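Work through these exercises with the model open beside you. Try each task before reading its solution.

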Amino acid sequence: IKNILRKNRGLFLQVSICAVKMNSARIQLCLLLTLGLYLCWATPAEARKYLSRQQAEKVCFPNAEKIEWKSHRYSMEEIKVIHRNSKLKVIDPGIWYGVALKDNKVIGVLAFDRSIGKHEFIDYVIALTPEGKVKQVEILEYRESWGYEVRREGWRKQFAGKSASSKLNLNDGIHNISGATLSCRGITEGVKRVCHTWNVVLRPA
């Protein structure tokens, strides 16, 4: 509350001036109502969960007989290589991914990732083919108040077929969505980083 009051001195000063002729009870009520309205406006929207891990498995690899889940903690050398090749900061210390199998053959990899929108993290999965190309991108959880348009299938389809050797930059290989630029950029950079993680970590042995 102290931070809100500090950042919005002008608003509360105007309210106080308007309330000078009121008695103390009315002044307090006026200030409380103003603070309440501001808090309602400033509170982020509730996180929207679209897919669980199990649902993402079925959506991305419906023909898989099983998915072997693995977690990998990056070494300093791996972080350097991913950063050098993607030109992007590695924001997590490791990666959680699943290898999709059918008839004991690898049919793809499902990598969990996250990126920052305007203020909050966006959770999503990236399905990769055995060749390391993007099969699809699915949003798992979206916490921002704005920019949810990144869930549109038409926008996410742009990533299909992309790999570490493709153009994978916002407005250079991937189109932007007006009003959702930060979310578009965050996811685009996340997909690019994961593509460059393929040769370092994700490629099945």
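**Exercise 1. Find how many bridges join β3 to β4, and in which sense the two strands run.**

Solution. Six bridges join β3 to β4. The two strands run antiparallel. Strands here are DSSP runs (E, at least two residues), helices are runs of H or I with at least four residues, and both are numbered from the N terminus. Strands pair if DSSP finds at least two bridges between them. For one such bridge, take glycine 98: its partner in β4 is leucine 110. Now look at the turn. β3 and β4 form a hairpin with two residues between them. In that turn, aspartate 103 has a positive phi of about 55°.

This is a predicted model: local features need pLDDT of at least 70, side-chain atom pairs count only at pLDDT 80 or more, and totals for chains, interfaces and linings use all residues. Residues are numbered from 1 along each chain as its sequence is written, and side-chain values use heavy atoms, with hydrogens and water left out.

**Exercise 2. Follow the pairing outward from β4 and from β3, then give the strand order of the sheet.**

Solution. Start with β4 and β5. Eight bridges join them, again antiparallel. Phenylalanine 112 stands opposite valine 125 in β5. The hairpin of β4 and β5 has four residues between the strands.

Next, go to β3 (residues 94-102) and β2. They pair in the antiparallel sense over eight bridges. Lysine 66 has leucine 101 in β3 as its bridge partner.

Assemble the order: β1-β6-β5-β4-β3-β2, an open sheet of six strands with antiparallel pairing. β1 (48-49) and β2 stand at the edges with a single partner strand each, so one side of each has no neighbour in the sheet.

**Exercise 3. Which residues of helix α4 are buried, and what covers them?**

Solution. Buried means under 20% relative accessible area; exposed is over 50%, and partly exposed lies in between (1.4 Å probe, protein chains only). In α4 (residues 53-60), the buried residues are Ala56, Glu57 and Cys60. They cover an arc of only 105° around the axis, which puts them on the same side of α4. That arc is taken from the directions from the helix axis to the C-beta atoms. An α-helix has 3.6 residues a turn, so residues three or four places apart point the same way.

Now the cover. It includes β2 (66-73), β4 (105-116), β5 (121-128) and β6 (134-142).

**Exercise 4. What share of the protein chain is buried?**

Solution. Of its 205 residues, 41% count as buried. The chain has seven helices and eight strands.

Key
Contact = heavy atoms within 4.5 Å.
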